[in-house]
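Visitor: I am new to this structure and would like to be led through it step by step. Could we begin once it is in front of us?

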Amino acid sequence: MANDELAELVDTSDEWIRSHTGIGYRHVAAEDEAASDLGLAAARLAVERAEIDPSDIDMVLCATASGDHVGFPSTACLIQDQLGANNAAAMDLIVGCTGFVYGLETAKGLIASGSAKHVMLVGSEVLTRIMDWTDRNTCVLFGDGAGAAVISESQNGQGVLDSYLRSDGSGAMALARKSGGTRAPFQDGGTADTYIQMDGRAVYKFAVQVIVDTIQTILDRNQVTIDQIKYIVPHQANVRIIEAAAKRGKIPIEKFYMNIEEYANTSAATIPIALNDLYEMDRLEKGDLLVTVGFGAGLTFGGNLLRW
Ligand code: UT7
């Protein structure tokens, strides 16, 4: 869906959206599709590429802020069933846009402890169904999408080398769906509050700072320089956030891979979709070092150092 199509629904324009966010389009799931459907398609492709059998998967993790159901059952269980991961446990990670970053570290921990050999990590969102299409402050920003990865034991130094994960719950209400949980149940009314609500400026400021801090922390504690990093794969929320972080952190903007123009913000799915883009464009070689960096609802933030 192009910006011009949105401009027919709310008082906005292609020019405003592009100049304030870098977004040109967003993909919208079909009416009969929910997060598990998009996640399943991504998971199937990941299984095929990893050349494993679904029955070899020990854990299905689904990072999502827009799961099929409120609270339970988890979207991961729905994916586990449809995928045929018959020997797997399954659970959702509710970490907002930082979900895939947290998921990589969770998968690594399960493998390092010996509990799992193969973990299916999915980031899947149908955000267009939980946003207010009359609120121009939010509806221009989000889209639907999914990405997935199989994380397995590594013998050759590939995989998740380090992760830096943090939460600042003092900012929880800056990005929230306020109704529908036990704090403000549906039956008490206020269904408008089930949509995504955001203090855009507060999240913007928070994001610029934590992107810089996360990248610097990961580089410092692994004694890696920015020159050794092939790409920084950031959560795709707003091109201006990334540009501001690059400037503040004195990091060349070319290091950041961005595809927000095509997909908008797909929350927990932006990082796996970006990794998949790089993979499909043949821009990654075995041994490349990558840094992921995410931020979002919680407020949560963090990053991973990956060896491809
Ligand atoms: O995954 C994490 C999710 N969080 C985010 O992605 C949010 C991070 N924040 C942002 O990306 C930016 O703060 C926004 C894109 C949300 C807003 O950009 P901004 O440059 O900070 O705009 P603003 O809030 O300062 O608003 C500027 C003006 C306002 O008008 P007035 O009050 O100055 O007359 C808004 O009403 O722009 C207006 N505006 C719009 N105009 C046209 C806000 N949204 C729109 C719109 N089209 N879609």
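Visitor: How many Å separate an oxygen atom of the ligand from an N or O atom in the side chain of Arg201?
Guide: The model shown here is predicted, and a pair of N or O atoms counts as a polar contact within 3.5 Å. Arg201 belongs to the residues that come nearest to the ligand, a group that also includes His235 and Asn238. From an N or O atom in the side chain of Arg201 to an oxygen atom of the ligand, the distance is 2.5 Å.

Visitor: What is the distance from an oxygen atom of the ligand to an N or O atom in the side chain of Asn265?
Guide: Besides Arg201, the side chain of Arg240 also offers an N or O atom to the ligand, with an oxygen atom of the ligand 3.1 Å away. For Asn265, the corresponding distance between a side-chain N or O atom and an oxygen atom of the ligand is 2.9 Å.

Visitor: What share of the area that the ligand exposes when taken alone does the protein bury?
Guide: The shell around the ligand divides into 10 nonpolar, eight polar and four charged residues. Taken alone, the ligand exposes 960 Å², and the part of this area that the protein buries is 75%.

Visitor: Which helix gives the most residues to the shell around the ligand?
Guide: Several helices supply at least two residues each, namely helix 2 (14–21), helix 6 (136–139), helix 7 (200–221) and helix 8 (239–249). The one that gives the most, with four residues, is helix 7.

Visitor: Why does the ligand lie between two domains?
Guide: Residues of the shell around the ligand come from both domains, so the ligand lies between them. The two that contribute are domain 1 (3–156) and domain 2 (160–307).

Visitor: Which strands stand at the edges of the open sheet with the order 2-1-3-4?
Guide: Four strands with mixed pairing form this open sheet, and within the sheet strand 1 (residues 59–63) runs parallel to strand 3 (residues 118–126), joined by five bridges. A strand at the edge has a single partner strand, so one of its sides is left without a neighbour in the sheet, and this holds for strand 2 (89–93) and strand 4 (144–152).

Visitor: Which residue in strand 9 is the bridge partner of Tyr231?
Guide: Another open sheet, also of four strands with mixed pairing, has the order 5-10-9-8. In this sheet, strand 8 and strand 9 (residues 289–296) run parallel and are joined by five bridges. The bridge partner of Tyr231 in strand 9 is Leu290.

Definitions and conventions: Residues numbered from 1 in each chain as written. Predicted model: local features only at pLDDT ≥ 70, side-chain atom pairs only at ≥ 80, totals over all residues. Heavy atoms only, no water. Near = heavy atom within 4 Å. Polar contact = N/O pair within 3.5 Å; in protein donor to acceptor, adjacent residues only side chain to side chain. Areas by Shrake-Rupley, 256 points an atom, 1.4 Å probe, with all protein chains shown as cover. Nonpolar A, V, L, I, M, F, W, Y, C, P; charged D, E, K, R; others polar. Domains from an automatic or database assignment. Pairing = 2+ DSSP bridges.
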